[in-house]
Amino acid sequence: MLHRIVVGYDFSESADDALAWAVDLARPHNAQVAVVHVMDATSEDDPAVQTQRARLVRAANELGPEVVSHLVLGDGIARKLVEFAERNDADVIVVATEANAFTGWLLGSVAQEVLRRAHCPVITWRQNDE
């Protein structure tokens with residue numbers, strides 16, 4: 001049974017698709033989806049932080065009440081994402097990874113690090129080229 005799904009979110013098309021997929025996964029379980037964006041900043045007062053927070057809230061609100069947005073400040077995207085998932089008892093972490101013709105079989109560095117650090121299962125979402 002799933003209770004909490006954490007989705008790493010970077011505002012990319014792949015992340016949008018991964019988030020929508022995670023919401024579909026959550027619904028039959030009545031699970032909460034935490035959409036998490038990690039931003040390398042140190043102050044909540046930074047205008048860029050406020051802009052990203054507003055974008056993140058809009059993205060979450062478009063998908064339904066089971067989606068809650070979280071902006072995490074600090075460096076080390078994968079580390080911060082995994083720490084958030086641990087603190088919030090996530091059952092699974094979903095991260096998007098983009099592939100292209102040159103690196104088609106490789107995961108992105110964030111996805112790789114999340115896989116190494118995670119305390120729970122990790123689902124990597126690859127954007128379909130079609």
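Among contacts in the protein (heavy atoms within 4.5 Å) between residues at least 6 apart in sequence, 72% join residues at least 24 apart. The model is predicted, so local features need pLDDT of at least 70 and side-chain atom pairs count only at pLDDT 80 or more, while totals for chains, interfaces and linings use all residues. Residues are numbered from 1 along each chain as its sequence is written, and side-chain values use heavy atoms, with hydrogens and water left out.

A look at the overall fold is a good place to start. The protein holds 4 helices and 5 strands, where helices (H or I, at least four residues) and strands (E, at least two) are DSSP runs numbered from the N terminus. Read from the N terminus, the elements follow the pattern β-α-β-α-β-α-β-α-β. With a radius of gyration of 14 Å, close to the 14 Å that the globule rule gives for 130 residues, the protein is as compact as a globular protein of that length; the radius is taken over C-alpha atoms, and the rule is 2.2 Å times the number of residues to the power 0.38. The C-alpha trace spans about 40 × 35 × 30 Å along its principal axes. Of the 130 residues, 42% count as buried, a label that means under 20% relative accessible area, with exposed being over 50% and partly exposed in between (1.4 Å probe, protein chains only). About 7300 Å² of the protein is exposed, and carbon and sulfur atoms supply 49% of that area, computed by the Shrake-Rupley method with a 1.4 Å probe.

Next comes the sheet. Its 5 strands form an open arrangement in the order β3-β2-β1-β4-β5, with parallel pairing; two strands pair if DSSP finds at least two bridges between them. Because β3 and β5 (122-126) stand at the edges with a single partner strand each, one side of each is left without a neighbour in the sheet. Neighbouring strands are turned by 25° against each other on average, direction ignored, with axes fitted as lines to C-alpha atoms (for helices, over the stretch in contact) and angles running from 0 to 180 degrees between N-to-C directions. The parallel pairing of β2 and β3 extends over 7 bridges, and Val 33 has Val 67 in β3 as its bridge partner.

Two helices can be placed against these strands. Helix α1 lies across β1 (4-8), β2, β3, β4 (92-97) and β5, and runs at about 150° to β4. Helix α2 packs on the sheet, where it touches β2 and β3, and its direction makes about 160° with that of β3.

Charged side chains add further links. The structure holds 6 salt bridges, each a side-chain nitrogen of Lys or Arg within 4 Å of a carboxyl oxygen of Asp or Glu. Asp 24, Arg 27 and Glu 66 are linked in a network of such bridges. Within it, Arg 27 meets Asp 24 at 3.7 Å, N to O, and the closest N and O atoms of Arg 27 and Glu 66 are 2.9 Å apart. The latter pair links distant parts of the chain, 39 residues apart: Arg 27 sits in the loop between α1 (13-26) and β2 (32-39), and Glu 66 in the loop between α2 (47-61) and β3 (67-73). Glu 66 counts as buried at 18% relative accessibility, whereas Arg 27 is partly exposed at 44% and Asp 24 is exposed at 51%. Another salt bridge joins Glu 44 and Arg 53 (2.3 Å, N to O); Glu 44 is partly exposed at 38%, and Arg 53 is partly exposed at 26%.
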